[in-house]
Amino acid sequence: MKIRTKKFSLMVINLAEKLPNFGSSEIIASQIIKSGTSVGADYRAVCRSKSDEEFASKIEIVLEKADETLFWIEIIAEKKWISISELETIWKEGNELTAILVNSLKVVNNRISIMS
């Protein structure tokens, strides 16, 4: 997952670099770079968790950033700044990462509730 989330971060940077250079798209580029690169960076923090509770808390942050990145991809698609066909791969990867993160959170939350 470390490699996969880093690749996703790089995909996001590449996407942002393809956006047109004017006011609103530059703001969106900045936003998507912040959220998309946070997925990889914050996942590394998840890997350093010392407890299930810390893991759950940190993975929720990664999940939030992944979902935010998907939101910005939706905006880019709806503004037609980049074609849907060019967005398919990053959209798919963002959704797959989100599904993995949700599943990981469920597993650890179940383990926490069993141990309480």
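**Entry 1: a term, then serine 9**

I call a residue buried when its relative accessible area is under 20%. The model I am reading is predicted, and I keep that in mind throughout. I looked up serine 9 to try the term out. Serine 9 sits in helix 1. Its relative accessible area is 8%, so serine 9 is buried. What does serine 9 touch, leaving aside its neighbours within four places in sequence? I found Gly36, Thr37 and Gly40.

**Entry 2: the whole protein**

I stepped back to view the whole chain. I counted four helices and zero strands. From the N terminus on, the order reads α-α-α-α. Along the principal axes, the C-alpha atoms fill a box of roughly 50 × 20 × 20 Å. The protein has 116 residues, and 38% of them count as buried. I also checked how far apart in sequence the contacts reach. Among contacts with a separation of 6 or more, 75% join residues 24 or more positions apart.

**Entry 3: helix 1 against helix 2**

Next I took the helices in pairs. I needed two values, because two packed helices are described by the angle between their axes and the distance between the axes. For helix 1 and helix 2, the axes come within 9 Å and cross at roughly 170°. Angles over 145 degrees count as roughly antiparallel. Helix 1 and helix 2 are therefore roughly antiparallel to each other. I listed part of the contact: helix 1 gives residues including Thr5, Phe8, Ser9 and Val12. Helix 2 gives residues including Gly36, Thr37, Gly40 and Tyr43. Gly36, Thr37 and Gly40 were already in my notes as the contacts of serine 9.

**Entry 4: helix 2 against helix 3**

How do the axes of helix 2 and helix 3 cross? They come within 8 Å, at roughly 155°. Helix 2 and helix 3 are therefore also roughly antiparallel to each other. I noted the hand of this crossing too: it is left-handed.

I then picked out glutamate 26, which lies in helix 2. Buried or exposed? Neither label fits, because at 43% relative accessibility glutamate 26 counts as partly exposed. I compared its place with that of isoleucine 82. The two are 56 residues apart in sequence, yet 14 Å apart in space, C-alpha to C-alpha.

**Entry 5: helix 3 and what follows**

Helix 3 has 28 residues. From first C-alpha to last it reaches 41 Å, close to the 40 Å expected at 1.5 Å a residue. I went through its buried residues. Among them are Ile59, Val62, Leu63, Leu70, Trp72 and Ile76. What covers the buried residues of helix 3? The cover includes helix 1, helix 2 and helix 4.

Lysine 80 follows helix 3. I found lysine 80 in the loop between helix 3 and helix 4. Its phi is near 60°, a positive value in a residue other than glycine. I marked that down because most residues other than glycine have a negative phi. Lysine 80 has a relative accessible area of 70%, so it is exposed.

**Entry 6: helix 4**

Helix 4 runs over residues 84-115, which makes 32 residues. At 1.5 Å a residue it should span 46 Å, and its end C-alpha atoms are 45 Å apart, so the two values agree. Where is the kink in helix 4 centred? I found it at isoleucine 90, with a bend of about 25°. Isoleucine 90 is also one of the buried residues of helix 4. Others on that list include Leu87, Glu93, Leu97, Leu101 and Ile112. Their cover includes helix 1 (2-18), helix 2 (23-47) and helix 3 (52-79).

I stopped at glutamate 93, in helix 4. Its relative accessible area is 14%, so glutamate 93 is buried. Not counting residues up to four places away in sequence, glutamate 93 touches Arg4, Phe8 and Met11. I had met Phe8 before, in the contact of helix 1 with helix 2.

**Entry 7: the end of the chain**

I finished at serine 116, in the segment after helix 4. Is serine 116 buried or exposed? At 77% relative accessibility, serine 116 counts as exposed. I set it against leucine 105, 11 residues away along the chain. Their C-alpha atoms are separated by 16 Å. Leucine 105 is on my list of buried residues in helix 4.

How values were computed:
Residues numbered from 1 in each chain as written. Predicted model: local features only at pLDDT ≥ 70, side-chain atom pairs only at ≥ 80, totals over all residues. Heavy atoms only, no water. Helix = DSSP H or I, 4+ residues; strand = E, 2+ residues; numbered from the N terminus. Expected span 1.5 Å × (residues − 1). Bend = angle between axes of the 7 residues up to and from the residue. Buried < 20%, exposed > 50% of the residue type's maximum accessible area, 1.4 Å probe, protein only. Contact = heavy atoms within 4.5 Å. Axes fitted to C-alpha atoms, helices over the stretch in contact; angles between N-to-C directions. Parallel < 35°, antiparallel > 145°, perpendicular 65-115°, else oblique. Left-handed = near helix turned anticlockwise from the far one by under 90°.
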